[in-house]
Amino acid sequence: MRIAIVGGGLAGATAATELRDRGYDGRLTLCCAEQHLPYERPPLSKGYLLGNDELDSVFVHNADWYREHEVDLRLGTRVTGVDLSARRLVTDAGDESYDQLVLAMGAQPRRFTLAEESGVPVAYLRTIADSQRLRQAFADTPRVAIVGAGWIGLEVAAAARTAGCEVTVHEMAELPLVGVLGPEIGQVFADLHRGHGVDLRLGAAVTASDLAAADLVVVGIGAAPDISLAEAAGLEVENGVLVDEQLRASHPEVYAIGDIANQAHPRLGHRVRVEHWDNAIEQGKVVAHNLLGAQESYARLPYFFTDQYDFGMEYVGHVGPAGYDAVQVEGDTSDAFRAYWLRGEVVVAAMHANDWDASEEIKASIGTVRQT
Ligand SMILES: Cc1cc2nc3c(=O)[nH]c(=O)nc-3n(C[C@H](O)[C@H](O)[C@H](O)COP(=O)(O)OP(=O)(O)OC[C@H]3O[C@@H](n4cnc5c(N)ncnc54)[C@H](O)[C@@H]3O)c2cc1C
């Protein structure tokens, strides 16, 4: 048997690890467009960007691990085509055959032309190289304009303020993260950043003249999966590669995992594409089991974490298109607290901030009833 994985990020590397851990001893190829060993991205906007974590700490394994586990790791190798009927990959270094295929190509930052045409240097943040460029730039304490108060924008704002930069954040919505967390907790993030001296400008589209006053613009307006490869191969795509509950794509020998997979989620009852660290790891494990003959559904709820200044939080669940009726907050939102998003009286999502003992409790709260 020959298994090929396209994309050497966290999802692809975890799938390879789990295959070997579960005793798979057939051929295993991992194609990575980047020159780096597979790595984790969260430190790129936090510990590594801040200069607290060493580069070595971001890699999933060192190079020896891939050799010792006979993973044919192709660094700097981009897959440019897939022939599903011939079971062949076309790469920029030659063709490759497979019996089962895993697509794990992740997502790329959305570009923002207005910023690129502003004449001010523009940065995005997805890769080690991006993080290194930002880290170097922050050392000169530039005036930083950030477009987008999502996770990346806010984490970069925290890192830039910590480095002593003057920071302005431009966000079209009325509050940061309002689409994910709602206004109640969105306000907590607005207060957090204003309290650390960020000039947070909300409720208006950024203009070229807003950016002209900056030395550096960082764009954090979300990421999008690159579906061109899957689409050209004839797989069903829509906001990612469409996969079923068991992460199988529209062709029986092909799976997709991580940021690129738009999954029919059995517990949520609708499709969801999750761009989070935990999802990349756990889908990597489940796909390995299914490649080896299991029929496992991926039913885990979305989970994410962030660290900004001295504010750390974990969130689990998914409010989704049906929305929520109320948020219950316990504790002090300027310090440590727990929050529960309710539909009717049922918890559909929960988080804690600076209350790490609550981690298991918030996870267990999903689906339980709370009195309103
Ligand atoms: C700066 C940053 C901070 C983050 N912080 C958090 C956080 O705090 N908490 C959290 O939950 N999540 C966080 N995330 C999200 C998390 O890192 C992603 O969900 C995770 O990296 C997804 O893993 P992946 O393997 O699906 O994709 P990726 O990590 O994007 O890996 C995909 C890899 O595939 C390669 N590739 C693409 N196309 C091809 C091709 N055709 N051929 C070969 N290789 C290809 C890409 O170059 C890339 O290396 C963060 C993301 C970023 C960018």
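**Exercise 1. Strand β7 and its partners**

Which residue of β16 stands opposite V102? Describe the setting of β7 as well.

*Solution.* This is a predicted model, in which local features need pLDDT of at least 70, side-chain atom pairs count only at pLDDT 80 or more, and totals for chains, interfaces and linings use all residues. Residues are numbered from 1 along each chain as its sequence is written, and side-chain values use heavy atoms, with hydrogens and water left out.

Step 1. Helices (H or I, at least four residues) and strands (E, at least two) are DSSP runs, numbered from the N terminus. Two strands pair if DSSP finds at least two bridges between them.

Step 2. β7 (residues 100-103) and strand β16 (residues 254-256) pair in the parallel sense over three bridges. Within this pairing, Y255 in β16 stands opposite V102.

Step 3. Strand β1 (residues 2-6) is also joined to β7, by four bridges, and the two run parallel. Here V6 is the residue opposite L103 in β7.

Step 4. From β7, Q100 and V102 point one way and L101 and L103 the other way; all are buried. Buried means under 20% relative accessible area, exposed over 50%, and partly exposed in between, with a 1.4 Å probe and protein chains only.

**Exercise 2. Strand β13**

Determine which strands pair with β13 and how its two faces are covered.

*Solution.* Step 1. Strand β9 (residues 122-123) pairs with β13 in the parallel sense over two bridges, and A123 stands opposite V218 in β13.

Step 2. Strand β10 (residues 143-147) runs parallel to β13 and is joined to it by four bridges. V144 stands opposite L216 in β13.

Step 3. L216 and V218 lie on one side of β13 (residues 216-219), V217 and V219 on the other; all are buried, and both faces of the strand are covered.

**Exercise 3. An open sheet**

Give the strand order of the open sheet that contains β17, and identify its edges.

*Solution.* Step 1. The three strands have the order β15-β17-β18, with mixed pairing.

Step 2. β15 (241-243) and β18 (271-272) are the edge strands, as each pairs on one side only.

Step 3. Strand β17 (residues 261-264) and β18 pair in the antiparallel sense over two bridges. A264 stands opposite R271 in β18.

**Exercise 4. Two helices**

Compare the spans of α7 and α10 with those expected for straight helices.

*Solution.* Step 1. The expected span is 1.5 Å times one less than the number of residues.

Step 2. Helix α7 (residues 178-195) spans only 19 Å between its end C-alpha atoms, whereas a straight helix of 18 residues would span 26 Å.

Step 3. α7 bends by about 90 degrees at E184. The bend at a residue is the angle between axes fitted to the seven residues ending there and the seven starting there.

Step 4. Helix α10 (residues 277-291), with 15 residues, reaches 21 Å from its first C-alpha to its last, close to the expected 21 Å. Because 13 of its 15 residues are buried, α10 is largely enclosed by the rest of the structure.

Step 5. G197, just after α7, takes a positive phi of about 90 degrees. G293, which follows α10, has a positive phi near 105 degrees.

**Exercise 5. Aromatic pairs of F189**

Describe the ring pairs of F189 with W151 and F311.

*Solution.* Step 1. Rings of Phe, Tyr and Trp (its six-membered ring) pair if their centres lie within 6.5 Å; planes under 30 degrees apart count as stacked, over 60 as edge-to-face and the rest as tilted. The structure holds nine aromatic pairs.

Step 2. W151 and F189 are edge-to-face, 5.9 Å centre to centre with 85 degrees between the planes. This pair links distant parts of the chain, with W151 in helix α6 (residues 151-162) and F189 in helix α7, 38 residues apart.

Step 3. F189 and F311 also form an edge-to-face pair: 5.2 Å centre to centre, 70 degrees between the planes. F311 belongs to strand β20 (residues 311-317), and the two residues are 122 residues apart.

Step 4. W151 and F189 are both buried, and F311 is buried too.

Step 5. Ring pairs link W151, F189, F304, F311, Y315 and W341 into a cluster.
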